[in-house]
Amino acid sequence: MPAIKFRGVDFIAFDTLLNDDERLVRDTARKFIEDNLVPIIEECNRAGRFPRELVKPMADLGFFGASLHGYGCAGMSNVEYGLVTQELERGDSGVRSFVSVQSALVMYPIYTFGSDEQKNTWLPAMQRGEKLGCFGLTEPDFGSNPGGMRTRAKKVGKEYVLNGEKMWITSGTIADVAVIWAKVEDEGDKVRGFLVETDRPGFKAEDIHGKWSLRASVTSGLSLQDVHIPESNLLPGSGGLKSPLMCLNQARYGISWGAIGAAMACYDCALQYSLLRKQFRNQPIASHQLVQEKLTWMINEITKAQLLVLQVGRLKDAGKVQHQHISMAKRNNVWMALECARLSRDILGANGVADDYPIMRHLMNLESVKTYEGTHDIHTLIIGASVTGIDAF
Ligand SMILES: Cc1cc2nc3c(=O)[nH]c(=O)nc-3n(C[C@H](O)[C@H](O)[C@H](O)COP(=O)(O)OP(=O)(O)OC[C@H]3O[C@@H](n4cnc5c(N)ncnc54)[C@H](O)[C@@H]3O)c2cc1C
């Protein structure tokens, strides 16, 4: 079977809904992924290796903090940023996760809640990829319900002392700085964000091994034992659980686009394969009705997902987006992508489980994407609460 090369997916002239700048950003990211990530990603996935060599080239293309303004950031619109994450995840969800964490979960909170000194110290260096960050919210006993977190910060003189454990933290062992969410003892256990340099005594990060998903992304556990940080490391604008949730909203928005990229990769591969592979009377499997039904389902759902997230992106650019809109886009698009990965895997038959093709990797990756940044079911409850006014958590 000849190698299958991505051709793009556009059933209803979706491109005509994009302006020239948006198409240019998308095409630039697409070419970068095709030339730099696609050739190495299966090896990275097998080895469980994050392709760190791509950090600098991604920084040069403005991928980090892409929708922020100033500090060397690209100042992209939200739709442009979304198109970048779509292309990144067409390559691999793990690499897109790295960019989402760096941009939406570390640079965004520094930009939004940070002091001028914090912004000047971290944002330009993070934009250039010289400094990497991670976001520590989840704990071993608190995932969907981060409000239960046990990590504590105590004010002692002009310092804070942090104690706690964080789990499932993307980029934990490669980060220079961790945004740690902790309850502040002297402020009635209010949740606040802290910048913790990862070389501080008492801070430890260890990788989680044995993941069958996001293998090209680093995932770690963090331990903080009497970690002293100056009071100036508190993110002064942060306050309450709303602050980390604002960051998650940023990241979820990027994921909503990213999932379309993974779905496109699977669909396009399955379509091309089905035209080449022959079974029964020397006919391509694409000629069988049941295969066509699967392809139709996929292109139908991809197209709806594109329209949904474009509208959410336009609302975001107009400053009118609400968190439940982003929940709908994340919930729908990740579910849709996972279904596309499963259907595509099926169309490839036995070849679908081999890493000569990208499908099984996307399928395994998307299982994590369905869980992190608010599980599918948590987004169901967010939308349910929004339409009924009744909180069912
Ligand atoms: C690869 C990877 C990378 C990650 N990166 C990060 C990171 O960088 N930073 C970070 O802070 N976290 C990160 N996470 C953690 C992620 O955000 C959590 O896994 C997620 O919030 C779910 O929490 P949990 O795994 O503890 O599941 P749980 O909260 O235990 O949920 C288990 C199941 O119970 C369901 N459930 C829970 N509560 C309810 C309810 N009220 N009603 C109905 N169903 C419910 C859930 O939907 C789910 O199906 C990462 C996770 C993964 C897998």
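In this predicted model, a polar contact of 2.6 Å links the side chain of T151 to that of E139. T151 sits in the loop that runs between β1 (133-136) and β2 (152-156). Its relative accessibility comes out at 0%, so T151 counts as buried, the cut-off for that label being under 20%. Put together, T151 is a buried loop residue whose side chain has a polar partner in E139.

The ligand is a good place to turn to next. The space it takes up is the largest pocket of the model. Around the ligand there are 18 residues, and the ones that come nearest are T138, S144, W168, T170 and T375. Sorted by class, this shell holds nine nonpolar residues, seven polar ones and two charged ones.

Some of the atom pairs between protein and ligand can be spelled out. The side chain of T170 places a polar atom 2.8 Å from a nitrogen atom of the ligand. The backbone takes part as well: an N or O atom of the F135 backbone lies 2.9 Å from a ligand nitrogen, while a backbone N or O atom of L137 is found 3.0 Å from a ligand oxygen. On its own, the ligand has 970 Å² of accessible area, and the protein covers 67% of that. As for the secondary structure behind the shell, the elements that each supply two or more residues are the strand β3 (159-170) and the helices α9 (359-371) and α10 (376-388).

Just past the end of β3, the backbone does something a bit unusual to look at. S171, in the loop between β3 and β4 (177-184), has a positive phi of about 65 degrees even though it is not a glycine. With a relative accessibility of 2%, S171 counts as buried.

D189 tells a related story. This residue, again not a glycine, also has a positive phi of about 65 degrees. Its place is the loop between β4 and β5 (190-197). Is D189 buried or partly exposed? Its relative accessible area is 31%, so D189 is partly exposed, given that the partly exposed class lies between 20% and 50%.

Another loop residue worth a look is S238, found between β7 (219-230) and α6. S238 is buried, since its relative accessible area is 2%. What lies close to the polar side-chain atoms of S238 is backbone on two counts. The backbone oxygen of L235 is 2.8 Å from a polar atom of the S238 side chain, and the backbone nitrogen of G193 is 3.0 Å from a polar atom of that side chain.

The helix that follows this loop, α6, spans residues 242-276 and includes A265. The relative accessible area of A265 is 8%, so this residue is buried too. Which residue, 260 positions away in sequence, has its C-alpha 9.5 Å from that of A265? It is K5: the two residues are 260 apart along the chain, yet their C-alpha atoms are 9.5 Å apart in space.

Definitions and conventions. Residues are numbered from 1 along each chain as its sequence is written. This is a predicted model: local features need pLDDT of at least 70, side-chain atom pairs count only at pLDDT 80 or more; totals for chains, interfaces and linings use all residues. Side-chain values use heavy atoms; hydrogens and water are left out. A residue is near a molecule or strand if one of its heavy atoms lies within 4 Å of it. A polar contact is a pair of N or O atoms within 3.5 Å; within protein, one must be able to donate a hydrogen and the other to accept it, and residues adjacent in sequence count only if both atoms are side-chain atoms. Accessible areas come from the Shrake-Rupley method with a 1.4 Å probe; for residues, only the protein chains shown count as cover. On a 1 Å grid over the protein atoms alone, a cavity is a set of points where a 1.4 Å probe fits but cannot get out, and a pocket is an open set with protein on both sides within 12 Å along at least five of seven lines; lining residues have an atom within 4 Å of a point. A molecule sits in a cavity or pocket if more than half of its atoms lie within 2 Å of its grid points. Helices (H or I, at least four residues) and strands (E, at least two) are DSSP runs, numbered from the N terminus. Ala, Val, Leu, Ile, Met, Phe, Trp, Tyr, Cys and Pro count as nonpolar, Asp, Glu, Lys and Arg as charged, and the others, Gly among them, as polar. Buried means under 20% relative accessible area, exposed over 50%, partly exposed in between (1.4 Å probe, protein chains only).
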